[in-house]
Every structure is written in C-alpha cells, then in structure tokens.
Amino acid sequence: MKNIITTLQLVITLCVVVTSSLSSVYAASNNDVVSGIDQKLEQVLAEQQLDGIIWTMVDGGRNVTGARGVSDAQSQNAMTDLHKMYVGSVTKAVLAVGVLRLITEQKLSLDTSVSQILPGIEINNPWSKTHPITVRHLLTHTSGLDDIRMHQLLTTQTDPNMPLELAFRDSSTLDVRNQPGRRFSYSNIGFTLLGMVIEKVTAVRYEDYLLNHILRPLEMHQSSFHFVAENDLLLAMGHYENQVKQTPVSTVLRPAGQFVTTAPDMAKFLQFLMTQDHDTKSNFIAPQLLDLMSTPQGTESVKHGLKIGQGLVLSGRDRHDVLGACRPGSAYGYNAYLCIFPEQNKAYFWAVNTDNESANLDKLNQLFIEQLDLEPAELVEPNAPAIQTPEIEGVYVLAPNKMVHFALPDLLFHSVYLSQNEGQLTIQSLQTKDRVLLPIGDGIYRDITRRTPSHAIYEARGKQYLTDGFKTYSKISIVEFTFYWISLSIGLLSFVYLMAVGLYKLIRLKTSQNRVLVLPVINFIAFAVPIYLLGQQHYLQLGDKTLASLSLFVCSALLPLSVLTAAALLIRQRTFKEIKYHLIALVMFFQWYCVMFYWDFMPIALWKI
C-alpha cells in the first residue's frame, strides 16, 4: 500500500512538472507572438491615426489574444484584450450561425418564404409568384432589397427595446429592386428581417435567443447582442478623427450590426467556425450547412464561373495573395474584421475603436496575414487568346446600387468604364485606381493584384454585365450617360449665371431692369438657413424630421416655382431678344431639377431617403 501511495505521489508530481513546463512553453510562445506583433501594431495605429485595437489569432488548436493603444482617448486608459468593442457587421456572422442552428433544428429551412413567416410585413416584390424572398436570400444578401435608408441609419429616435417592425414604417423601404437570388446586393434591411424571423419562430427576442443558444454554448460570456451603454467599464469608447469621442448609439436595424464582444470571445467563435466536428452529439450545425458557410450559390456570377462571393455566414475573399472567408464591420466609432482560413486551420480577428475615414484599415489585414504565415493561393495564369470584343467596351453602372434614392449620384460618380487592349481589360473609375484584368477564358478574368479569377463578363436579357461577385454593373448607352453629365453640367452653369446676374440685380434693385431674376436668387440664398441649421445639429439627426430637414425640403420644393415664375414674368415683360440669356439659364436650371425629380432626389426629404 505504501509503495502504491509513493508511486501515485511520483506520478502526480511528474504530471505537475510536465504541465507546468508545457504551460511555461505555451506562455513563452504566446509572449513571443504578442511581442512580435505589438511593435508592428503600434506603428500601424500611429500611421493610420487609430486609438486602440483588440485582436486574436488562431493557429491550429492554439489562440493568442492581445491589445494595444488606448480604450479612451480622453482618459488614456490602456486597451486590454478584455475590453469590449462594437463590431458592426461582424454581428451578421454570429446571427447567421443562430439562423443555421434553427434550420438544423428543423424549425426553418433555407428555402422558407419570409412572407410566410412574417405575414404582417408587406414586402413589395414584383417577382413574388415565381421568386419569393427566402431565408437563403436574406443570409446571402441576394434578396434584392435596399441596403439601408438614411432615416434608419442617421437618427436619434431609437430605443434599444423598440420592436423591430418599427424600422419599416415607410412601406417603400421593402421594395424589391432586383429579382431575388440573381445578384449579391448588400442589405442591412435583410438582416433585420432575419432578426424578426428568429423572433417569430422562437417567440422570444432575437437577442435572448442568440444569448441562450449561441453565445452561452460557445462560452462567449462577455459578448452581447443587447445594447451596452458607456457606463460599462469594460466598453472601449468609440472615436472619430482627432480622437473625437462617440458615445454608444442604439441602431434601428440592430440585428444587422449591434453586437459587443472581446478578443477571447471571438477566439472561441473563430475556433467554432473552423472546427469540422461541431459537437456532433447535438448536431449543433448540420454538416450540409457548414459546407455552404462561405460558398456563394445560385447567383449569376456563380453561374458564369466566379467562386468568390457571399455564403451563408462569410464571404470568400482573395486578398494579399491568400484566400479566406471573411466579414468586415463598422459601427459609430468602431471598425472590425474577421477572417478564417479553414484549409490551413488559421484565423484572425481585430477591432479598433476608431472610425477614421482616411485610415487604410487593410494594413491591419495584411499584417495579420503575414503574422499567421499563410500559404499563398495557387496563381491562376491567363490562358485565353487575345481576342478583341468591342461589344463589351463602354460605361457600366451599378445594377442595382445599394440605395434607391442615390441611383443618380451612383450613375454619375460610381460608374466604371471598361476598355480593352490585346485581350486585357482595364476598369477605370472616378473613385479608385485603374484595375487591369487578365483573360482566363469563357468571360472570366483575373485582376492582376489577385491570385484567382475575380471578374466575369456575361450577357443576359440582351444586356452586358460586369461582376466581381459582390458588385454587378450593367452596360448603358454612352448617349444616356453623357446626357446625365451634360444635364448636371449645364444645371450647375445655369445656377452660377442666375446667381451672378440675380445678385447684381438684387444689389441694384432700384435701378435694375428684369428684377424678376431676384426670385430664384432669393430661393438660392434661402438654402443658407437649412445649411446653417444642419451644421448646428448632430449628424445622427440627419434622418430625423427636424427644423433643419424641414427647411431644406421647403427650399428645394420652392425651386421650380421660383424659376418658372421668373421665366413667366420675363416673357410677359420683355421681348425674347432682351431676355434670351436669362430665359435659357432658367430653362436649363429647370431641366436639371426635373431630372433630379425623376430620380426621386428632389425635393430633398431627408427623413424619407
């Protein structure tokens, strides 16, 4: 008996020594990883003017977390990996897992019609008989719904406990602008509907369902879909440029982007996403759903040969020579990103508490990709003959664009011009640098900065289309495109003319003839009132019905009346020879207003946009 006890003591002592040694090695290894990346992170934070960062990297069964910078620019408190961050659209990945859980439990299916689940929500779908919106469409952003409306994004009239259906008080918000399933078109509105689907199926708030059925099982105890206010001491404060603080704000479309988490919690989520055996005893997520997690399905881009795009949870991305399944996110004062590389069993996540529009956040992605030492994707070499196809050259516009009210500005400023030279294509844009595409074959091309096919050109329903799996463009007539640019140009020139002549006549009101031009000028000057009032209110009130937005609506609604009245009075008082330049300017300005009205951009009602 004494020998047995002695043997057990030796075994226990040996186990303690081995465990301690392994722990020391593991800790030292972790410290090596952290120290190796900390200096680089400090440099990126300083260069990009970012206040603080939390991060995690997963490599096999091991994960490392860290943090740099400050959690609050005012107090200068150091950031730790236990600080919480709002992560914007990274929320969608966690919510999508909740939906897949319901499908695994056979409470839903990917092809369940959303209108059947939510009969009280009127979706204006012209294709409803043949192509109703399904759960699959909402998950993959192929529903054809708009992304978001200004009154849903920029508003102070929010309540963390408000019913989700109040987000759709304007019936036009749920207009379907593209046949469901045909093309990817990012939609925060769609994910809000998914939150409502969860609530309808489970009969509890979506936040509570996801807490009990996703966050707790994954032991993500510091994460929450519920609104977290600034009085939470572990919440890192959001910031804008120059360390301007942004207090947490509840959002109208909260299922699409309201989620707080920490680096250790996201390490658990990344491990979950990469694990092939997702707790098979309870069949947490059905295997057939896991296979579609980052695989695009059924869209025109997929049918024409592209393999990148949005799956049920994440998007396939080709960046910095590697292929990953990723999800970016942004919130008021925050930005975040997660990416997994299942074949290499590696992943990373980061979140910064700064929303700086001039920052190049892709520097962080590049840094983590390098730190994980990921294997580059196989380079697909061009092998198509250099054949000129003139019919594909020309101007392409977004089809559809993300927000219906901005269709005209997107046509003018976010269109691209496609040209070719010896089989190579060049995409030119006002917004980005030129992109060169190499021919792979059968209408498939590869961006020279990518490793795999990145674009497809195809014809459908008599039109030419260009797609990268995420944005789709349709070719339009150069005559139509030129018309809108000419309309804008002469509209602006006529405005300058009317202002110059009208101000002159306003100053010399007692002696000047043709004083009627003063009418549109007074209307123009009146815009100073809403501009001033807009400058005085918080930007989050842009989508609210305030004195500023009401005065802007009145001023823009009066424009055609003041212009037409001036034109009518001129014709009555003078001969055409005397007034021709004034009249031409008035007519040119009026045509520009009519174009804007046709595209639903005038009069300006910010609370409806």
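Here is a chat between a student and a tutor about a predicted model, taking its helices, its barrel and its aromatic rings in turn.

Student: Let's start with helix H8. How do you know that its length fits a regular helix?

Tutor: H8 covers residues 263-274, twelve in number, and spans 17 Å from its first C-alpha to its last. At 1.5 Å a residue you'd expect 16 Å, so the value is close to the expected one.

Student: What makes H8 "mostly covered"?

Tutor: Ten of its twelve residues are buried, and buried means under 20% relative accessible area. Among them are Ala 263, Met 266, Phe 269 and Leu 273.

Student: Which elements do those buried residues pack against?

Tutor: Quite a list: the strands E1 (52-59), E2 (62-72), E7 (260-261), E10 (334-341) and E11 (346-352), plus helix H2 (91-104).

Student: And why is Thr 262 called a cap of H8?

Tutor: Look at the N-terminal end of the helix: a side-chain oxygen of Thr 262 lies 3.3 Å from the backbone nitrogen of Asp 265. A polar contact needs N or O atoms within 3.5 Å, so 3.3 Å passes.

Student: You mentioned H2. How many of its residues are buried?

Tutor: 14 of 14. H2 reaches 20 Å between its end C-alphas, close to the 20 Å expected. Just after H2, Gln 106 takes a positive phi of about 65°.

Student: On to the rings. How many aromatic pairs does the structure hold?

Tutor: There are 24 aromatic pairs. One of them joins Trp 55 and Phe 368, with 5.9 Å centre to centre and 50° between the planes.

Student: Why is that one called tilted?

Tutor: Stacked needs planes under 30 degrees apart and edge-to-face needs over 60. The 50° of Trp 55 and Phe 368 fits neither, so the pair counts as tilted.

Student: What makes this pair a link between parts that are apart in sequence?

Tutor: Trp 55 sits in strand E1 and Phe 368 in helix H11 (residues 362-371), so the pair ties together parts 313 residues apart in sequence. Both Trp 55 and Phe 368 are buried. They also belong to one aromatic cluster with Tyr 337, Phe 341, Tyr 348 and Trp 350.

Student: Back in H8, why is the pair of Phe 269 and Phe 272 called stacked?

Tutor: The angle between their planes is 25°, and under 30 degrees counts as stacked. Their centres are 6.5 Å apart, and the limit for a pair is within 6.5 Å. Phe 269 and Phe 272 are three residues apart in H8, so about one helical turn separates them.

Student: How do you know that these two are buried?

Tutor: Phe 269 has 0% relative accessibility, and Phe 272 has a relative accessible area of 10%. The cut-off is under 20%, so each counts as buried.

Student: Now the strands. What makes up the closed barrel?

Tutor: Eight strands with antiparallel pairing, in the order E12-E13-E14-E15-E16-E17-E18-E19. Neighbouring strands are turned by 35° against each other on average, direction ignored.

Student: How do you know that E13 and E14 are paired?

Tutor: Pairing takes at least two bridges, and six join E13 (residues 416-421) to E14, so they pass. In E14, Ser 419 has Thr 426 opposite, while Val 416 has Ser 429 as its bridge partner. Two residues lie between the strands of this hairpin, where Glu 422 takes a positive phi near 55°.

Student: What makes E14 two-faced?

Tutor: E14 (residues 424-429) has Leu 425, Ile 427 and Ser 429 on a covered face, and Gln 424, Thr 426 and Gln 428 on an uncovered one. Side chains in a regular strand alternate between the two faces of the sheet.

Student: How many bridges link E14 to E15?

Tutor: Three, in the antiparallel sense, with E15 taking in residues 435-441. Leu 425 has Leu 437 as its bridge partner, and five residues lie between the two strands of this hairpin.

Student: How do you know that E12 pairs with E13, and E18 with E19?

Tutor: Three bridges join E12 (residues 394-398) to E13, with Gly 394 partnered by Leu 418. Three also join E18 (residues 463-467) to E19 (residues 472-476), where Leu 466 is partnered by Tyr 473. At least two bridges are needed, so both count as paired.

How values were computed:
Residues numbered from 1 in each chain as written. Predicted model: local features only at pLDDT ≥ 70, side-chain atom pairs only at ≥ 80, totals over all residues. Heavy atoms only, no water. Helix = DSSP H or I, 4+ residues; strand = E, 2+ residues; numbered from the N terminus. Buried < 20%, exposed > 50% of the residue type's maximum accessible area, 1.4 Å probe, protein only. Contact = heavy atoms within 4.5 Å. Polar contact = N/O pair within 3.5 Å; in protein donor to acceptor, adjacent residues only side chain to side chain. Axes fitted to C-alpha atoms, helices over the stretch in contact; angles between N-to-C directions. Phe/Tyr/Trp six-rings, centres within 6.5 Å; stacked < 30°, edge-to-face > 60°.
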